[in-house]
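Trainee: I'd like to go through the terms people use for a fold and check what stands behind each of them. Can we take one structure and do that together?

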Amino acid sequence: MTPTKITDTIELADGNRMPVMGFGTYLIGDQETMTTTINAAWNAGYRMFDTAMMYRNEDILGPTIHQLGLPREGLFLTSKVAEVVQGYDRTMKAVEGSLKRLQTDYLDLLLVHWPVHEYFFDTWRAMEQLKADGKVKSIGVSNYTMAHLELLATQAKEMPVVNQVEYHPYLNQQALLDFDRDQKIVTEAWSPLGRRVVLDNPMLAKIAKHQGKTVAQVILRWELQHGLLPIPKSTHVERIQENADIFDFSLAEDEMTMIDLLNKNERTGNEPEIVYETGKQY
Ligand SMILES: NC(=O)c1ccc[n+]([C@@H]2O[C@H](COP(=O)([O-])OP(=O)(O)OC[C@H]3O[C@@H](n4cnc5c(N)ncnc54)[C@H](OP(=O)(O)O)[C@@H]3O)[C@@H](O)[C@H]2O)c1
């Protein structure tokens, strides 16, 4: 069932609950912008905040949450293990750093940022240990293909409950989405607006006009109706509010299909298989 408000949560396979939509913080790199955007996001109802070691902003997100007086138990904090610290010992140590920078003693969700073949199973072993130790409540992955998930299943004691992948109208990854669903893995959509590339599509503009909504709102609504959890990022207060205002309309089946048909398998980010082989993003 499609959620009815931004504060709705869904149950993960491990029994924990996760908000249906989040706020992305990639490229938010200064204290003033972080304070303004997190405050606006909180006021607009976002409860999930997505960061990563690689974004180098955990150390400004943590103090921001404290300064704004946001209740830790009312927040859902996600961070991700960077490629350069993968491996059992390095992951264990690196997460201590994340917790310190975020000024918290647990993460709600920790993801392996990208699959890396050299440390593939060792990193996951650390993830399982971090969950057992109570440092993270849920463990998941990001940018894993079906093949990576099948490989992981050969040794994992517990499987990821979330897979965060690039997803927008030009890259809808339908087969992966179906696979995740069958495995009880929730799919989060990163770059849910395709980093703006999709925003000038004429078909989306037509649907938006018909719905009396913006193109960004139509895309995010399409993702929600497909059962994905989008995590749009914006540094503009009015856009942060706009992106949250997607719970008062719904797309008809033919509109959903028209957006599905825009798929071009076009990535804005890295190809997971290349990162898996080379061990780094760029
Ligand atoms: N796991 C991964 O590997 C991975 C990779 C990439 C991203 N992510 C996560 O996903 C989050 C979102 O992805 P993203 O930041 O790459 O891309 P995105 O959310 O698809 O797009 C962000 C861009 O869209 C603009 N924008 C936002 N709302 C808008 C609106 N309503 N109208 C017009 N423009 C709008 C933003 O501009 P302004 O900021 O100027 O408003 C920004 O340039 C990231 O912040 C990060 O947390 C994860």
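**Checking the labels**

Mentor: Let's begin with a pair: aspartate 178 forms a salt bridge with arginine 181, their closest N and O atoms being 3.7 Å apart. Keep in mind that this is a predicted model.

Trainee: Why is the contact of aspartate 178 and arginine 181 called a salt bridge?

Mentor: The label needs a side-chain nitrogen of Lys or Arg within 4 Å of a carboxyl oxygen of Asp or Glu. For aspartate 178 and arginine 181 the N and O atoms are 3.7 Å apart, and the pair passes. In general, side chains of opposite charge can pair when their charged atoms come close.

Trainee: What separates aspartate 178 and arginine 181 along helix H6?

Mentor: They sit three residues apart in H6 (residues 174-182), so about one helical turn lies between them. An α-helix has 3.6 residues a turn, so residues three or four places apart point the same way.

Trainee: And what makes both of them partly exposed?

Mentor: Partly exposed covers the range between under 20%, which is buried, and over 50%, which is exposed. Aspartate 178 has 33% and arginine 181 has 46%, so each falls in that range.

Trainee: How do you know that arginine 17 and glutamate 11 make a salt bridge?

Mentor: Their N to O distance is 3.9 Å, and the cut-off is within 4 Å. Arginine 17 is partly exposed at 46%, but glutamate 11 has 52% and counts as exposed, because the line for that is over 50%.

Trainee: What about lysine 264 and glutamate 266: what makes that a salt bridge?

Mentor: It's 3.8 Å from N to O, again within 4 Å. Lysine 264, at 47%, is partly exposed, and so is glutamate 266, at 33%. The whole structure has 13 salt bridges, and Lys213, Asp245 and Asp248 are linked in a network of them.

Trainee: Which residues of helix H2 are buried, and what covers them?

Mentor: In H2 (residues 58-68) the buried ones are Glu58, Ile60, Leu61, Gly62, Pro63, Thr64 and Ile65. Their cover includes helix H1 (31-44), strand S5 (76-81) and helix H3 (88-101). After H2 comes glycine 69, with a positive phi near 70°.

Trainee: What makes phi of glutamine 103 and asparagine 143 worth a remark?

Mentor: Most residues other than glycine have a negative phi. Glutamine 103 has a positive phi near 55°, and asparagine 143 has one near 65°. Glutamine 103 is in the loop between H3 and strand S6 (107-112); asparagine 143 is in the loop between strand S7 (136-142) and helix H5 (146-153).

Trainee: Are these two residues buried or exposed, or in between?

Mentor: Asparagine 143 has 4% relative accessibility, and under 20% means buried. Glutamine 103, at 40%, is partly exposed.

Trainee: Now the whole chain. How many helices and strands are there, and why is the protein called as compact as a globular protein of its length?

Mentor: There are 11 helices and 10 strands. The radius of gyration is 18 Å, close to the 19 Å that the globule rule gives for 282 residues, so the label holds. Also, 55% of the 282 residues count as buried. Among contacts with a separation of 6 or more, 76% come from residues 24 or more positions apart.

Methods: Residues numbered from 1 in each chain as written. Predicted model: local features only at pLDDT ≥ 70, side-chain atom pairs only at ≥ 80, totals over all residues. Heavy atoms only, no water. Helix = DSSP H or I, 4+ residues; strand = E, 2+ residues; numbered from the N terminus. Rg over C-alpha atoms; globule rule 2.2 N^0.38 Å. Buried < 20%, exposed > 50% of the residue type's maximum accessible area, 1.4 Å probe, protein only. Contact = heavy atoms within 4.5 Å.
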